[in-house]
Amino acid sequence: MTHASITSTAADHGVTLYTLRNAHDMRVTISDRGATLVSWWAPDRYGRVADILLGYPDCEGYQSNPPYFGGLIGRWGNRIANGRFTLDGADYLVDRNEGNNHLHGGDAGFHLAPWRASVEPEGLRLTLESAEGDAGYPGNVQVSVLYSLDDDGRLSIDYSASSDAPTPLNLTSHGYFNLNGGSADIYDHILAIAADQYLQIDTQLIPIDAATVAGSAFDFRQPAPIGPRLAWPDLQLKVAGGFDHCYCLRPQHPGLPVPGQIRNAQPLREVATVYDPGSGRLLSVSTTENGLQFYSGNFLAGVQGRGAGAYAKHDGFCLEAQAYPNQINGPDAEAVILRPGQLYRQTTTYQLTVR
């Protein structure tokens with residue numbers, strides 16, 4: 001496999017930007033602040049190049065980054081109800097930064113941290129040390145993320161982590177995509193997700209139960225445009241202001257426990273595709289994870305991004321591969337606990353092609 005070349009550029013606020021460039025001049029820019037996906041420049045079917053990621057015009061916006069544009073999320077992607085969990089008989093309270101709940105690692109999550117970057121033959125590696133007590137979590141955690149871009153337009157994100165004490169861990173990438181390059185909203189994007197169930201949520205966006213997708217707005221087992229589904233009279237859509245739900249991905253095999261890993265391992269398999277008919281860009285998502293959060297950019301209105309005007313609701317979407325939200329408080333909590341001597345591993349890929 002041929003890997004992209006990597007160049008670096010010093011930017012404001014002590015940030016360094018790294019650009020991965022493949023043989024077809026596809027370019028992905030990553031910041032060492034938050035291990036953040038900043039830009040992804042790619043051609044459409046006519047050869048016109050555009051940035052398919054939402055984000056800020058400069059490094060200033062990423063200093064706080066309320067929408068989590070492109071951030072590497074940890075220690076916990078998504079929500080923990082009431083910011084509380086019990087681990088080995090001890091109760092923990094972590095940052096409550098969304099009402100009473102914990103969201104995306106708290107007020108100073110991994111998406112805001114300075115990561116150490118190194119260029120390797122396989123790609124760009126970023127590492128982070130999260131100290132015991134960060135956001136209220138136990139254990140000192142060592143995290144490593146490897147970004148690589150190949151000549152087939154595949155951006156791979158390989159995660160690994162270890163800890164000196166038991167701690168919950170659920171990492172994900174929070175890239176916002178718009179395959180038309182921001183020339184319109186995402187209504188025409190055609191989405192498919194390989195899942196028969198999704199997690200219904202309460203008014204605080206905490207999962208309450210698994211439900212079948214059949215007969216609902218959430219059924220993307222066959223490709224369907226996002227816009228018409230957003231208009232369905234579905235109570236779950238009303239609660240979230242659109243889609244902000246975790247899909248229970250089909251396992252490729254039952255997932256027997258693997259020694260040294262923190263969860264029932266799945267092979268890397270394709271779990272979703274998104275196609276933009278106007279540009280011809282097709283995004284394919286593969287992951288080893290059990291959950292995929294589909295978020296339709298419900299809170300983007302008024303956020304000033306790279307364009308002349310502010311973003312509007314549904315100007316971008318996220319497909320975040322992860323464990324289930326609030327899983328640490330559910331019956332499968334042990335699967336998301338990283339214990340000493342274990343190794344957290346996850347791989348998610350986003351492949352961009354044109355047709």
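**Exercise 1. Find how many disulfides the predicted model holds, and examine C246 and C318.**

Solution.
- Step 1. Searching the whole structure gives zero disulfides.
- Step 2. Take C246: the nearest cysteine sulfur belongs to C248 and is 6.1 Å away. A disulfide requires sulfur atoms within 2.5 Å, so a distance of 6.1 Å leaves C246 in no disulfide.
- Step 3. Take C318: its nearest cysteine sulfur is that of C246, 13 Å away, and C318 too is in no disulfide.
- Step 4. Check the surroundings. C246 has 3% relative accessibility and counts as buried; C318, with a relative accessible area of 0%, is buried.

**Exercise 2. Locate the residues that UniProt lists under "active site", and say where they stand in the fold.**

Solution.
- Step 1. The unreviewed UniProt entry places this feature at H174 and E320.
- Step 2. The two are spread over 147 residues of sequence, yet they cluster in space, with a largest C-alpha distance of 6.1 Å.
- Step 3. Assign the strands. H174 belongs to β16, residues 172-174, and E320 to β25, residues 318-322.
- Step 4. Decide whether each is buried or exposed. The cut-off for buried is under 20% relative accessible area, so H174 at 3% is buried. E320, at 2%, also counts as buried.
- Step 5. List contacts beyond four places in sequence. H174 is in contact with E320, and its other partners include H104, Y295 and C318. For E320, the residues touched include H104, H174, Y295 and Y350.

**Exercise 3. Describe the open sheet of nine strands and the pairing of β23 with β27.**

Solution.
- Step 1. Write the strand order: β11-β12-β13-β14-β27-β23-β22-β17-β20, with antiparallel pairing.
- Step 2. Identify the edges. β11 (116-120) and β20 (224-225) each pair on one side only.
- Step 3. Look at β23 (residues 281-287) and β27 (residues 344-354): these antiparallel strands are joined by seven bridges.
- Step 4. Pick out one position: S284 is opposite Q351, a residue of β27.

**Exercise 4. Determine whether A35 is buried or exposed, and which residues it touches.**

Solution.
- Step 1. Place the residue: A35 is in the loop that runs between β3 (27-31) and β4 (36-43).
- Step 2. The relative accessible area of A35 is 0%, which means that A35 is buried.
- Step 3. Beyond four places in sequence, A35 touches I30, G70, L72, W115, L126 and Y147.
- Step 4. Compare with T19: A35 and T19 are 16 residues apart in sequence, and their C-alpha atoms are 12 Å apart.

Note on methods. Residues numbered from 1 in each chain as written. Predicted model: local features only at pLDDT ≥ 70, side-chain atom pairs only at ≥ 80, totals over all residues. Heavy atoms only, no water. Helix = DSSP H or I, 4+ residues; strand = E, 2+ residues; numbered from the N terminus. Buried < 20%, exposed > 50% of the residue type's maximum accessible area, 1.4 Å probe, protein only. Contact = heavy atoms within 4.5 Å. Pairing = 2+ DSSP bridges. UniProt positions renumbered as here; feature names shortened; annotations may be inferred.
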